[in-house]
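Dear colleague,

I am passing on to you the structure set out below, together with its sequence. A summary of what was found in it follows, arranged by region.

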Amino acid sequence: MALTVYAPASIGNLSVGFDILGAALSPVDGALLGDSVTIEQSEHGDFALNCVGRFVDKLPTDPKQNIIYDCYLAFRREMAEIGRTDEVAVSMTLEKHLPIGSGLGSSASSIVAAFYALNEHYGRPFDEAKLLAMMGELEGQISGSIHYDNVAPCYLGGIQLMLEKEGRISESLPVIDDWHIVSTYPGISISTAEARAILPNHYSRADIIDHGRHLGTFIHALYRGDGELAAESIRDVVAEPYRKQLIPGFDEMREQMMAQGALAVGISGSGPSVFVITDSQQKAEAMHRWMQQHFIRNDRGFSHVCRIDSLGTRVLEETA
Ligand SMILES: Nc1ncnc2c1ncn2[C@@H]1O[C@H](COP(=O)(O)OP(=O)(O)O)[C@@H](O)[C@H]1O
Ligand SMILES: N[C@@H](CCOP(=O)(O)O)C(=O)O
């Protein structure tokens with residue numbers, strides 16, 4: 001039996017909640033914007049990994065350097081903890097659709113698809129909370145510190161707020177129905193670990209107050225269903241002022257998008273992808289065209305008009 005699992009792209013931070021807010025994305029044209037992992041029993045008794053897809057070229061060539069292998073080892077360790085030591089190895093195929101260092105939760109997408117597929121294959125030994133904890137740990141290995149703002153929305157869908165309490169790592173927030181989100185990857189790469197390293201270790205009292213006010217207003221507005229207030233409070237005092245210089249043309253892009261009626265503009269995760277929130281598909285399509293003409297730097301870049309993905313990670317195909 002082979003099983004294919006798809007894990008959607010995500011926007012970490014959503015600008016207003018550094019490391020504690022994230023949203024899953026789903027292109028309106030039905031395209032799959034996320035990695036997928038196929039799993040089946042290994043024929044030779046050893047773990048095997050095959051990598052394919054548009055963005056496979058920047059992955060480590062040694063499969064044992066791929067984060068999928070670390071997921072497999074971590075999963076097997078956890079199974080041994082619960083007394084399951086006799087299980088046979090698996091063969092996995094990663095379809096890499098999200099570029100590395102894009103700000104679209106590329107490593108999270110691989111990690112979440114891998115853990116979800118492993119859990120299904122081995123008969124669901126772990127519950128949602130345990131799986132999410134394992135996913136966060138692996139994401140932390142890559143970026144230097146545990147943050148759930150990509151793995152949680154990628155796994156669970158929607159807009160997720162990180163509570164990081166025992167057994168309640170993340171909870172869903174309400175979604176504004178008419179939001180259309182333009183998600184654009186300009187084609188260059190930024191390492192998450194490096195983009196974290198350039199941030200200050202300390203922030204001023206004024207920044208802390210602004211951050212708390214914007215985040216509080218955002219969550220309040222979502223619960224009130226007030227999309228305009230929610231989008232207006234998407235302001236980033238923690239990362240954007242320091243990271244935007246890594247993204248060529250960011251200020252001009254922001255100006256253009258606001259002039260075209262954007263409700264909010266921000267850096268997606270650690271960049272260089274950006275997201276633009278607007279209240280109609282028509283405006284989003286016009287912004288998407290502008291992005292294609294002016295913001296994308298090379299043929300690796302792409303842009304999509306998206307909605308918030310409510311499904312999260314799911315099984316795409318199961319064959320006997
Ligand atoms: N399956 C995988 N998907 C993404 N990155 C991987 C994978 N396996 C190993 N890596 C490594 O993890 C790092 C991911 O970089 P990072 O900047 O965190 O990307 P992103 O922000 O897109 O998740 C890279 O060094 C990459 O080579
Ligand atoms: N909160 C993290 C999010 C990183 O997202 P990625 O998609 O760039 O990996 C951060 O901002 O560092």
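I begin with strand 9, which runs antiparallel to strand 11 and is joined to it by five bridges. In this pairing, V182 is placed opposite V276 of strand 11. Please bear in mind throughout that this is a predicted model.

Strand 9 also has strand 12 (residues 302–308) as an antiparallel partner, again through five bridges. Here V182 faces V305 of strand 12. As for burial, six of the six residues of strand 9 (residues 180–185) are buried, so the strand is largely enclosed by the rest of the structure. In a regular strand, side chains alternate between the two faces of the sheet. In strand 9 both faces are covered: H180, V182 and T184 are buried on one side, and I181, S183 and Y185 on the other.

Strand 3 may be read alongside it. This strand, residues 21–27, is mostly covered, with seven of its seven residues buried. L21, A23, L25 and P27 are buried on one side of strand 3, and G22, A24 and S26 on the other. Which strands pair with strand 3 in the antiparallel sense? Strand 2 (residues 10–12) does so over three bridges, with G22 of strand 3 as the bridge partner of G12. Strand 7 (residues 159–165) is likewise an antiparallel partner over three bridges, and A23 stands opposite I159 there. Strand 12 also pairs with strand 3 in the antiparallel sense, over three bridges; in this case P27 has C306 of strand 12 as its bridge partner.

A further sheet is open and consists of five strands in the order 5-6-4-1-13, with mixed pairing. Its edges are strand 5 (48–52) and strand 13 (314–319), each of which pairs on one side only. On average, neighbouring strands of this sheet are turned by 20° against each other, direction ignored. Within the sheet, strand 4 (residues 34–41) and strand 6 (residues 90–95) are antiparallel and share six bridges; E40 has S91 in strand 6 as its bridge partner. Helix 2 lies across strand 1 (2–8), strand 4, strand 6 and strand 13, and runs at about 145° to strand 1.

Helix 2 also leads to the first of the ligand sites. The shell around ligand 1 receives at least two residues from each of helix 1 (67–81), helix 2 (106–121) and helix 3 (128–143), and helix 2 contributes the most, with three residues. There are 17 residues around ligand 1, of which I67, S106, S107, S110 and T192 come nearest. How is this shell made up by class? Seven of its residues are nonpolar and ten are polar, while none is charged.

Ligand 2 is surrounded by 16 residues, with G12, G103, T192, G269 and S270 as the closest. T192 is thus listed among the nearest residues for ligand 1 and among the closest for ligand 2. The greatest contribution to the shell around ligand 2 is made by helix 5 (residues 192–197), which gives three residues. By class, this shell has four nonpolar, nine polar and three charged residues.

Helix 9 (residues 250–259) has a buried and an exposed side. F250, M253 and M257 are the buried residues. Viewed down the axis of helix 9, the buried residues fall within an arc of 60°, so they line one face of the helix. D251, E252, E255 and A259, on the other side, are exposed. The cover over the buried residues of helix 9 includes strand 10 (264–267), strand 11 (274–278) and helix 10 (281–294). Just after helix 9, G261 adopts a positive phi of about 100°.

One last residue may be noted, E128, which is found in helix 3. Is E128 buried or partly exposed? E128 has 13 other C-beta atoms within 10 Å and is therefore partly exposed. Its C-alpha atom is separated by 12 Å from that of E171, and the two residues are 43 apart along the chain.

With kind regards

Terms used: Residues are numbered from 1 along each chain as its sequence is written. Chains are lettered from A and ligands numbered from 1 in the order in which they are written. This is a predicted model: local features need pLDDT of at least 70, side-chain atom pairs count only at pLDDT 80 or more; totals for chains, interfaces and linings use all residues. A residue is near a molecule or strand if its C-beta atom, placed from the backbone, lies within 6 Å of it. Helices (H or I, at least four residues) and strands (E, at least two) are DSSP runs, numbered from the N terminus. Ala, Val, Leu, Ile, Met, Phe, Trp, Tyr, Cys and Pro count as nonpolar, Asp, Glu, Lys and Arg as charged, and the others, Gly among them, as polar. Two strands pair if DSSP finds at least two bridges between them. Axes are lines fitted to C-alpha atoms, for helices over the stretch in contact, and angles run from 0 to 180 degrees between N-to-C directions. Two residues are in contact if their C-beta atoms, placed from the backbone, lie within 7 Å. A residue is buried if 20 or more other C-beta atoms lie within 10 Å of its own, exposed if 12 or fewer, and partly exposed in between; C-beta atoms are placed from the backbone. The arc is that of the directions from the helix axis to the C-beta atoms.
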